[in-house]
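Me: I would like a close look at one part of this model, the surroundings of the ligand, followed outward as far as the neighbouring chain. Please take your time and give the cut-offs as you go.

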Amino acid sequence: MTQSTTAGPAGPAGHVPGRPRFSPRKKQQISRGVQYTVLIAAVVALAFLVNWQGLAQNFAKMDVAEQSLPDVFTIALRNTIIYTVGGFVLGSLGGLVLALMRLSSVRPYRWIATVYIEIFRGLPALLIFLLILFLPLALPGFQVPGGTYGQGILGLAIVSSAYMAETLRAGLQAVPKGQAEAARSLGMSHSRAMISVVIPQAVRIVIPPTTNQFVSLLKDSSLVLFLGVSGEYVELTKFGNDLASTTSNATPIMVVGLTYLLVTIPLGYLAGRLEARQAKGR
Amino acid sequence: MPHAVQIENLHKSFGSLEVLKGVDFTVDEGQVVCVIGPSGSGKSTLLRCVNLLEQPTQGKVSVGGVELTDPDVDIDAARRRLGMVFQSFNLFPHLSVLRNVMIAQQRVLKRGRAEAERVARENLGKVGVAEKCDAFPLQLSGGQQQRVAIARALAMDPALMLFDEPTSALDPELVGDVLAVMRKLAQDGMTMLVVTHEMGFAREVADRVVFMDGGVIVEEGPPDQVIGNPQHERTRTFLKRVLDPGHADDGAGAAPPAA
Ligand SMILES: Nc1ncnc2c1ncn2[C@@H]1O[C@H](COP(=O)(O)OP(=O)(O)OP(=O)(O)O)[C@@H](O)[C@H]1O
Ligand SMILES: [Mg+2]
């Protein structure tokens, strides 16, 4: 490579004689050039080394993909949504109760809520599903209401309530104190002020983070697989896994993955938009 | 007839900070009493003790003959008779102006929707923001928001109105509208306890002015006396600073300067 010796900055004192220096602009050009070269080399290598035919046979086989229709939507996606929405609704209610307990003036309530939140935020979601499987053993005669749906929803609700509690608590605390004071000064009781004034505002504040939590719950709903569900109760991941085994082909897993993205990407985008709107509204 | 407000030996501490150090005073029915004093002297705390937004550490607060500091009193019921207007308006931002004025009528007084709406429109008209019924609070100017807040309190038919520096957060050109509403209220015979820095308003409207400093009442009496001819050095220093802000470059601090 040739370098012009006058490319250095015109700094009066900084130049060490005998060591040619690049200008910052020149350095940037070189660095970018190196990065593109590496990228192109990697792409070329992939194109030659990978067995595209084999890949397509295993991951994108059209007739196998067709086999998954329409069940991937009518059964699997539908169930994923049932588990997720059910878990989300129940978890939100539980989370609200826990958040109010954490802010309660009754100390034992605060302790109970704190212990619950710390435990269930600290455990892997999978462990909770495995525990639910063993519930009937621990409590003989006990049945989770709602059967398979009930078990899946309960597991997701336990996981999400702990996270929702923390989100909602932050939301409740973000409502200015003057709001509750204004409500109380109008003669509202503490609970009336909460219901009519504080909670509606807190809910608005937490909508963006809650949308993100919904997305992560949607992904966690794949853990229903470990409840040993079958037939009409399978959700996306289980569905993909089963079909992949019977066809000895990974295509169903790709189909299922795309189906997840169909839901999660728009939701993530929505959450970003809501967040931006809220940031602007402040 | 019992006093509209009677406060006896009121003390309030926040932790080790004693903010009110034994305050006694009364407000009679139909009177307007203005509370003035330097920042940090405990004016807001006093007002908030009157409707028990702050729990007094010691002493007695009675409103219309009902002792609010009695632990067995139904404080929610007692507060219905007290309207409060805050420096920062505290309108409910998630509700329209009309719903702001209706919600407590419906939820607390159990008025029907139609009646609550009628009372709300009537009071919004009284404070001059009738045309803003469907707007949301954050779409209004500060002066309009404060007048909605006044209408919201009035809709509960209070026997007494508490104002905590209602014009301090407003742009100067919006102060007049709010003061005009308050002046009108006073003329109509509303009992009012007003914390304010508006000396002109206090002089003109107040039946009595109370000067507070350091958690005690230093001086009280008719406005012409307390504002026009103060007896105490601390009152004089304070008034000089408020009325002649050009010389107030030492800030609005509470410390009485060595005169
Ligand atoms: N909730 C609280 N906790 C702790 N200290 C408080 C609390 N509320 C008020 N104080 C303190 O009490 C003192 C008096 O406050 P207060 O708001 O009553 O003064 P003020 O006379 O209304 O002043 P200003 O004119 O600035 O509104 C201040 O030193 C303030 O910091
Ligand atoms: Mg104050």
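Which residue of chain B places a backbone N or O atom 3.0 Å from an oxygen atom of ligand 1?

Reply: That residue is G42(B), whose backbone N or O atom lies 3.0 Å from a ligand 1 oxygen. The model is predicted, so local features require pLDDT of at least 70 and side-chain atom pairs count only at pLDDT 80 or more, while totals for chains, interfaces and linings use all residues. Residues are numbered from 1 along each chain as its sequence is written, chains are lettered from A and ligands numbered from 1 in written order, and side-chain values use heavy atoms, without hydrogens or water.

Two side chains also approach the ligand through N or O atoms: that of S44(B) at 2.7 Å from a ligand oxygen, and that of T45(B) at 2.5 Å from a ligand oxygen. Taken alone, ligand 1 exposes 630 Å² (Shrake-Rupley, 1.4 Å probe), and the protein buries 60% of this area. Two elements of chain B, β2 (17-27) and α1 (43-50), each give two or more residues to the shell (DSSP runs, helices H or I of at least four residues, strands E of at least two, numbered from the N terminus); α1(B) gives the most, namely three. The shell holds 13 residues (a heavy atom within 4 Å), among which S39(B), G40(B), K43(B), S44(B) and T45(B) come nearest. Sorted by class, four of the shell residues are nonpolar, seven polar and two charged.

Helix α1 of chain B also leads to the other chain, where the side chains of R48(B) and E181(A) form a salt bridge of 2.7 Å, N to O (Lys or Arg side-chain nitrogen within 4 Å of an Asp or Glu carboxyl oxygen). Of such bridges, the search of the whole structure finds 19 over all chains, and this pair crosses from R48(B) in α1 of chain B to E181(A) in helix α8 (residues 177-185) of chain A. Across the interface of the two chains the rule finds two.

In the wider interface, 21 residues of chain B are in contact with 17 of chain A (heavy atoms within 4.5 Å). The area buried between them, summed over both sides, is about 1700 Å², with 60% given by carbon and sulfur atoms. On the chain B side, D76(B), F92(B) and H94(B) lose the most area to chain A, together 32% of what that side buries.

Conventions: A polar contact is a pair of N or O atoms within 3.5 Å; within protein, one must be able to donate a hydrogen and the other to accept it, and residues adjacent in sequence count only if both atoms are side-chain atoms. Ala, Val, Leu, Ile, Met, Phe, Trp, Tyr, Cys and Pro count as nonpolar, Asp, Glu, Lys and Arg as charged, and the others, Gly among them, as polar. Buried area is the accessible area (1.4 Å probe) that two parts lose on being put together, summed over both.
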